[in-house]
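Welcome to this guided tour. Open your viewer, have the selection tool ready, and follow along stop by stop.

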Amino acid sequence: MEHPIKKLSKIRLLKWYVVSFILLLIITLLSPQQLPVVVYKLSLVLLSAVVGYHLDRALFPYSSPGSYLCTDWKKDGKNFYQIKYKKDGRLYDKSNANYLAEYPVLEPYRMIFAVVLIRRALIVFAVILGVTLGL
């Protein structure tokens, strides 16, 4: 059985969670009347991120980043690592020393995939910026 401290140390972005909690605690101790404002602004940012994501999906329904992957990651799910895929006419699997990315992108669409990711990030960024500056 793994020690609880080791389990805790494997949590992704744990340091940022701790720093955020400490800063929230400092705000609560120094200026408790500002706590609702902080929660309000944080909820605005989170809500605008969700709106930006769905706006991108609505504006570009046929250009989802997942559509440029070698396999359908939604369908394969946790079994992805058991699936072999082709690249340059050769089959790869997890036991192969030349195993590539976790979710490999189709070779001819790598640049388009990168542009789609940047497009989505820019749309989400613009919506977050618009909401936070507007209110």
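Two residues are in contact when they have heavy atoms within 4.5 Å of each other. Keep in mind that this is a predicted model, where local features need pLDDT of at least 70, side-chain atom pairs count only at pLDDT 80 or more, and totals for chains, interfaces and linings use all residues. Residues are numbered from 1 along each chain as its sequence is written, and side-chain values use heavy atoms, with hydrogens and water left out.

**Stop 1: the whole protein**

Start with a cartoon view. The protein has 5 helices and 2 strands, where helices (H or I, at least four residues) and strands (E, at least two) are DSSP runs numbered from the N terminus. Along the sequence they follow the pattern α-α-α-α-β-β-α.

Now switch on the surface. About 10,800 Å² is exposed, and carbon and sulfur atoms supply 69% of it; such areas come from the Shrake-Rupley method with a 1.4 Å probe, and for residues only the protein chains shown count as cover. A residue is called buried under 20% relative accessible area, exposed over 50%, and partly exposed in between (1.4 Å probe, protein chains only). Of the 135 residues in the protein, 19% are buried.

**Stop 2: helix H3**

Select residues 35-59, which form helix H3. Leu35 belongs to this helix. With a relative accessible area of 25%, Leu35 is partly exposed. Which residues does Leu35 touch, not counting residues up to four places away in sequence? They are Leu24 and Thr28. Try a distance label too: the C-alpha atoms of Leu35 and Leu25 are separated by 9.6 Å, although their positions lie 10 residues apart along the chain.

Next, label the C-alpha atoms at the two ends of H3. They are 36 Å apart, which agrees with the 36 Å that 25 residues should span at 1.5 Å a residue. The expected span is 1.5 Å times one less than the number of residues.

Colour Leu44, Ser48, Gly52 and Asp56, which are buried in H3. An α-helix has 3.6 residues a turn, so residues three or four places apart point the same way. The buried residues of H3 pack against helix H5 (110-134).

**Stop 3: Asp56 and helix H5**

Zoom in on Asp56, in helix H3. Is Asp56 buried or exposed? Asp56 counts as buried because its relative accessible area is 0%. Leaving aside neighbours within four places in sequence, Asp56 is in contact with Arg119, Arg120 and Ile123.

Those three are among the buried residues of H5, together with Phe113, Val116, Val124 and Val127. What covers the buried residues of H5 includes H3. H5 has 25 residues and reaches 36 Å from its first C-alpha to its last, close to the 36 Å expected at 1.5 Å a residue.

Stay with Arg119 and add Phe60 to your selection. The charged end of Arg119 sits over the ring of Phe60, 4.2 Å from its centre. To count, NZ of Lys or CZ of Arg must be within 6 Å of the ring centre and within 35 degrees of the ring normal.

**Stop 4: a pair of rings**

How many aromatic pairs does a search of the whole structure find? It finds 1. Select Tyr68 and Tyr109: their pair is tilted, at 5.8 Å centre to centre with 45° between the planes. Tyr68 is in the loop between H3 and helix H4 (73-76), and Tyr109 is in the loop between strand S2 (90-92) and H5, 41 residues apart. Rings of Phe, Tyr and Trp (its six-membered ring) pair if their centres lie within 6.5 Å; planes under 30 degrees apart count as stacked, over 60 as edge-to-face and the rest as tilted.

Tyr68 is buried, at 13% relative accessible area, while Tyr109 is partly exposed, at 36%.

**Stop 5: the nonpolar core**

Finally, select Tyr68, Leu69, Val105, Phe113 and Val116, the 5 residues of the largest nonpolar core. Such a core is a set of buried Ala, Val, Leu, Ile, Met, Phe, Trp, Tyr and Cys residues joined through side-chain atoms within 4.5 Å.
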